[in-house]
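Me: I would like to go through this structure with you, beginning with the ligand and then turning to the nonpolar core.

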Amino acid sequence: MALSSSMSKVNTIKMTEAQFDQLRDVIYKRAGIHFLDSKKYVLESRLSRRLEELEFEDFSQYIMFLTAGPYQMEEFQEMFNRITINETSFFRNEPQLDYFEQQVLPQLIEARKDTKTLRLWSSASSTGEEAYTMAIQLHRSLGIRAMDWKIEILGTDISEKVLKQAQEGKYPHYSVRSLNEMVLNRYFKQEGSYYHLDENIKSMCRFEKLNLKDRVSAKRFGTFDVIFCRNVLIYFDDDMRKNVISIFHDQLAKDGYLFIGHSESLRSLNVPFEQLPAPQAFVYQKV
Ligand SMILES: C[S@@+](CC[C@H](N)C(=O)[O-])C[C@H]1O[C@@H](n2cnc3c(N)ncnc32)[C@H](O)[C@@H]1O
């Protein structure tokens, strides 16, 4: 059977070691994402189609195009949409989220009872499941009191593609696979093969583009009571991790909480945060 021309062309443009070194350097400088030697195939396979679309014959032409001047923002955006790993789901790492709901939220609700204001940040939100999970948990914690509180949950990511999906609030079964029937029925409406999130929960969250390398842009979002930064530090090297953690240090309230991913640690970074003695929570406070 003959393959269609688009299928037969996938993955046809090979990347040399030198081109890989150049391209990952460009990516690192712009976004702090560090591609390990073993990840050459990721860039090659994810960008090959893009080169075809632009009618470039090899990666050198693409790199030249990217670096030709300061105004290649659109192509960088297109590239980040394609090369980032956006895996996520609702209630990802439940033991950690149980700690957030059962220990952190009651403590913060008590601490903020006069101002009745809470600001939470999902700093590498991907398609929004993490931010919306926080919203569901906060909604459950406040109950009827929610009406009197000013809640702001911000989701940010470098990829515009995932942010668009987050704003839609509509998810395939894969994203909600670990939810029990009660949560699913309470907060989602199934239409065909998609699960549409409750409008109240949606209205608690907003999504904006942010490159975590960009401290100045991050600053405009102000101070947060809780910051989630899960499963993105693994793509950075120690310098970038330190920079990102120092942004969080600047933008976290004195008694705020920083949650990181279960396979990540701040231990070797020598940053002014201490881990709370809750092994499954991966949660830190400022020292
Ligand atoms: C694996 S997802 C994690 C999603 C969610 N935090 C979770 O744990 O389920 C990693 C996200 O980090 C984003 N990302 C990677 N580099 C970034 C950067 N420099 N600034 C902002 N977001 C970035 C990617 O676009 C991707 O959506």
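Reply: A residue is near a molecule if one of its heavy atoms lies within 4 Å of that molecule. This is a predicted model, in which local features need pLDDT of at least 70 and side-chain atom pairs count only at pLDDT 80 or more, while totals for chains, interfaces and linings use all residues. Residues are numbered from 1 along each chain as its sequence is written, and side-chain values use heavy atoms, with hydrogens and water left out.

Me: How many residues surround the ligand?

Reply: The closest of the surrounding residues are T88, R92, D157, L212 and N231. Counted in full, the residues around the ligand number 20.

Me: Which residue has a polar backbone atom 2.8 Å from a nitrogen atom of the ligand?

Reply: Polar contacts here are pairs of N or O atoms within 3.5 Å. Backbone atoms of A31 and of A124 each lie 2.9 Å from a ligand nitrogen, whereas the residue at 2.8 Å is L212.

Me: Where does the largest nonpolar core lie with respect to domain 1 and domain 2?

Reply: A nonpolar core is a set of buried (under 20% relative accessible area, 1.4 Å probe, protein chains only) Ala, Val, Leu, Ile, Met, Phe, Trp, Tyr and Cys residues joined through side-chain atoms within 4.5 Å. The largest has 50 residues, of which L23, M79, F248, L258 and L266 touch the most other members. Because domain 1 (5-83) and domain 2 (94-286), whose bounds come from an automatic or database domain assignment, both give residues to this core, it lies between them.

Conventions. Polar contact = N/O pair within 3.5 Å; in protein donor to acceptor, adjacent residues only side chain to side chain.
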